[in-house]
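Good morning. Please have the sequence and the model open while I talk.

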Amino acid sequence: MGRMLRSRLLFAVPLVCFAASTMPPEADQRLARDIYKEMIEIKSGFTTGSTTPVVDAVARRLRAAGFPESDIFIGGAIPTKANLVVRYRGAGKLKPILLLAHTDVVEAKREDWSMDPFVFTEKDGYFYGRGTADDKAQAAIWVANLIRYKREGYKPDRDLIVALTADEEGGGPYNGVSWLIKNHRNLIDAELCLNEGGRGEMVKGKRISNSVQAAEKWYLDLRLEVRNKGGHSSQPVPDNAIYHLANALVRISQLGFPMKVNEVTRAYFAGMAKLDSTGAAPDLAKVAAGDQEAMQRISKASPAWNSMLRTTCVATLLEGGHAHNALPQLAAANINCRVQPDDSLEYVMDTLKKTIADDQVKISIDNQEENSPGSPLKPELMRALSRLTDTMWPGVVVLPTMSTGASDGRMLRAAGIPTYGVQGFFGERDDNRAHGRDERMLVTSFYEGQTFLYEIVKELSTAR
Ligand SMILES: [Zn+2]
């Protein structure tokens, strides 16, 4: 942390110093809150809204703060899905750092919520509104911190690039990150990227862990299809499309892909072994060491842990038959796979074919998202995160994670920009309302996250 904190240590009691270190100056809190409120109240729903008014509002603030027009870029796949990229110039000793957040939100209906999801509401220590957690807190803070750096005359050793992008929720043709990679790679090219996906976890108000998302599984939909000539159901034959499909599905239900750890999940399980209070700690430590029997037990203890240890494939949709009194001519199912970063498409398809062992069941790819490698857990990055986390929240463990879902980080990783989910926003373990009703963010967590992101970007932008 900064020189100011250290000098205060000499004069103030530790409690005062701790409070001073986690909260930004009041003027900067106000600025971040104003930007946050403005963003929340713009309806940028993934299907019904536009992200362009969000980035236009940000551009106005940046211009007013003295950012030159030449360092502000606005553009996107279509006029209503604009992205913003702004560059804060540094000394050029290091390659730039990219600070990413998406500006679209999952749809929210007034009647589903206790309050209007598009009116920024502060109540009982929380900020409420669609996007308060996913992902407008980080978007607002990147902007507020950039304006603060400028006011303070901060000179980083590298350029800081903030990119606010469209359509992370559900992806699709207007996704801002893939559009920028394809059309304006030079604007966002960076040594590393900080993004959503990291989360601070609290249990009953006690801060436990600060996660760093460094890898993601990749998404794959496969269609199983069986076709028969059909016929009258009063004269059945053994060769029945529905039976072929049903047998294939039963076999898939009994399939367990091999379990293994990678760099990120190994670090995750090692960290969890230190945090766990359920009695699983010894097994978690063994999982980190690659012990297969411990993996068996841990995978049974939690669907989330199971999914971190292996590729999974599960039946999610079913169709078949055309009449009550006819033999089926078609039976089909969707199999949704979440694949470990180092498992290939061919490997997954081969495994399923061998498992099903029935030539009549045809397997085709319905939807395949790009695979992306995990981001390396660079020692200097991990040290910086641990040091800052421990300074702000003594005793809190930095926990690398691999998401079993997906974010825009996978596209940057695939494009060769190592991406890390780093936020420093703490919330209760069982109170994750992103995408749900009454989405919220603890007021203190918002401002602490502001400080955390302000400091970590400075730390990572100093040449050593
Ligand atoms: Zn998000």
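The site of the zinc ion is irregular, with angles of 51 to 149° among its four donor atoms. For four donors to count as tetrahedral, all angles would have to lie between 85 and 135 degrees. Please keep in mind that this is a predicted model.

Which atoms coordinate the zinc ion? They are NE2 of H102, an OD atom of D134, and two OE entries from E196, at 1.8 to 2.7 Å. Along the sequence, the donor residues follow the spacing H-x31-D-x61-E. H102 sits in strand 3, residues 97-102, while E196 is in the loop between strand 7 (192-195) and strand 8 (200-203), so this pair ties together parts that are 94 residues apart in sequence.

Are H102 and E196 buried or exposed? The cut-off for buried is under 20% relative accessible area. H102 has 2% relative accessibility, so H102 counts as buried. E196 has a relative accessible area of 10%, so E196 is buried too.

Next, the nonpolar cores. The largest one has 78 residues. Those that touch the most other members are Y36, L62, L164, L194, L385, F446 and I456. Which helix gives the most to this core? Helix 5, residues 136-152, with ten residues.

Take Y36 as an example. If we leave aside neighbours within four places in sequence, Y36 is in contact with F120, F127, T132, K136, A137, A140, M441 and F446. Another core lies apart from the largest one. That other core has 24 residues, including L220, A333, V348 and L352.

Now a strand pair. Strand 1 covers residues 72-76 and strand 2 covers residues 82-88; they pair in the antiparallel sense, over five bridges. One of the partnerships joins G76 to A82 in strand 2. The two strands, 1 and 2, form a hairpin, and five residues lie between them.

Last, A65. Where is A65 placed? A65 belongs to the loop between helix 4 (52-64) and strand 1. Its relative accessibility is 26%, so A65 counts as partly exposed. Not counting residues up to four places away in sequence, A65 touches I147 and K150. A65 and R148 are 83 residues apart along the chain, and their C-alpha atoms are separated by 9.2 Å.

To go back to the start: the zinc site is irregular, and two of its donor residues, H102 and E196, are buried. That is the end of my part.

Methods
Residues are numbered from 1 along each chain as its sequence is written. This is a predicted model: local features need pLDDT of at least 70, side-chain atom pairs count only at pLDDT 80 or more; totals for chains, interfaces and linings use all residues. Side-chain values use heavy atoms; hydrogens and water are left out. A nonpolar core is a set of buried Ala, Val, Leu, Ile, Met, Phe, Trp, Tyr and Cys residues joined through side-chain atoms within 4.5 Å. Buried means under 20% relative accessible area, exposed over 50%, partly exposed in between (1.4 Å probe, protein chains only). Helices (H or I, at least four residues) and strands (E, at least two) are DSSP runs, numbered from the N terminus. Contact means heavy atoms within 4.5 Å. Two strands pair if DSSP finds at least two bridges between them. Donors are N, O and S atoms within 2.8 Å of the metal (3.2 Å for Na, K and Ca); water is not among the atoms, so sites may look incomplete. Four donors count as tetrahedral if all angles lie between 85 and 135 degrees; four count as square planar and six as octahedral if opposite donors are over 155 degrees apart and all others between 65 and 115; anything else is irregular.
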